[in-house]
Each structure stands twice: as structure tokens, then as C-alpha cells.
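Got a structure here and some labels to go with it. Let's see what stands behind each one.

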Amino acid sequence: SLLRDVEKLVMEKIADRDLPADEKAEIAEMVAVGAIKYSILKQSPGRDIIFDFDKSLSFEGDSGPYVQYTHARICSILRKAAEAKISPSLENFGTVGSPLENTEQPGELEHMLVRMPDVVERTQKELAPQLIVTYITQLASAFNSYYAVNTIIGEDTKTSAFRVALAESVKNALASGLYLLGIKAPERM
């Protein structure tokens, strides 16, 4: 069946991960189901659905596994933050005289997070799940771009606390978006 074929390919992709076998099997099922659902739901109604194994299973770009992987990556960051005793905090963000005033002004991630309720409402009104698919893919991409140039857990605890809070907010938005699509959000991949 398609699901078993996709699961097998996912298992091959995560074979080198240091995870117990039963957890790998659980992740493979979550990612396989997510890849198939995502591929279907990203299409506008009335269009032909073409399942491309390579694109659908990519951990980069427009795919369910990419969004799931970003969620898992953020979960890993949050675990490391907890180990470093850094609690998420938006205290002093953007206030005059705060240490973050000149370093952390609202950027693309914050603007995208604010849009989520509107995307969900529009999705419901238009019966168009592809809007959530597009939104969470863009949010995952924006987070990965942010992560590539910003140290989340660093020397400055106030900056780190803000960045951890931002990462946690993105994780929650991704998990909610995936949930609305009927796709599970693994905490490790």
C-alpha cells in the first residue's frame, strides 16, 4: 500500500538517528501519514493530486515532513533551553530602555504568528485547508531562516529568554496548524 511504501522510505531516512527502534517506527508512521495528508491538502479543490515520493518526503521545502521536522527541531531547542535553565520570557520586549530594544524588534516571525487566527478563520469560511498548509510551511521556513542567523540559547539570558519564547510560540503554531490538518507533530525526528 502507499502508506507502507512511504513508511519504508521514511525509515530509510531516519535509520541513522539515535532513537529506539519502536520510536523510529512511530515517527515513520507519523511522518508517512503526514506526508500523504499534506500532499493532498496542499492542493486547491478541483485539481488533480499527484503524489511525488521525493518531494512529499523531503525534510526541506514544501512538505509535511519539513514542517514536522521544524517542529521537532524547536522541541529539541526547548529541551536544551530547559537544561540551561532558560525560561521563555517576553518581559521587556520592545520597551524603551530594555536591553532588547535595539536587538529584537518584531520581525517576520512575530508578524507571521499574529496572522494565524486570520488564516484559520479564512480556511474555515472558504473550506480551503491549503491556506493552513501554505501558512505553516511559510512559518517553518521563516523560523529556519531566523534560526540560521540567530543564536537562540546564548550568553545574554534576556535575549535567550525572548528567543526561546519566540521559538515556543512558533512550535505551538506549527503544532496547532498540523493538528487542524489531522497531522501529528512529533517531538523528535
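What follows is a short round of questions on a predicted model.

Q: Why is Thr123 called buried?
A: Buried means under 20% relative accessible area, and Thr123 comes out at 9%, so the label fits.

Q: What makes the link between Thr123 and Val119 a polar contact?
A: The side chain of Thr123 reaches the backbone oxygen of Val119 at 2.8 Å, and the cut-off for such a pair is within 3.5 Å. Thr123 itself sits in helix H5, residues 108-126.

Q: Which residues does Thr123 touch, leaving out those up to four places away in sequence?
A: Ala128, Pro129, Leu131 and Ile132.

Q: How do you know that the span of H7 agrees with its 24 residues?
A: At 1.5 Å a residue, H7 should span 34 Å, and its end C-alpha atoms are 34 Å apart, so the two agree. After H7 comes Gly182, with a positive phi near 75 degrees.

Q: How do H4 and H7 pack?
A: H4 (residues 64-83) and H7 (residues 157-180) pack at about 145 degrees, and their axes are 9 Å apart. The crossing is left-handed.

Q: What makes up the contact of H4 with H7?
A: Its residues divide into eleven nonpolar, three polar and two charged. On the H4 side they include Val67, His71, Ile74 and Leu78; among those in H7 are Val164, Glu168, Lys171 and Leu174. Cys75 of H4 is one of the contact residues too, and Cys counts as nonpolar here.

Conventions
Residues numbered from 1 in each chain as written. Predicted model: local features only at pLDDT ≥ 70, side-chain atom pairs only at ≥ 80, totals over all residues. Heavy atoms only, no water. Axes fitted to C-alpha atoms, helices over the stretch in contact; angles between N-to-C directions. Helix = DSSP H or I, 4+ residues; strand = E, 2+ residues; numbered from the N terminus. Left-handed = near helix turned anticlockwise from the far one by under 90°. Contact = heavy atoms within 4.5 Å. Expected span 1.5 Å × (residues − 1). Buried < 20%, exposed > 50% of the residue type's maximum accessible area, 1.4 Å probe, protein only. Polar contact = N/O pair within 3.5 Å; in protein donor to acceptor, adjacent residues only side chain to side chain.
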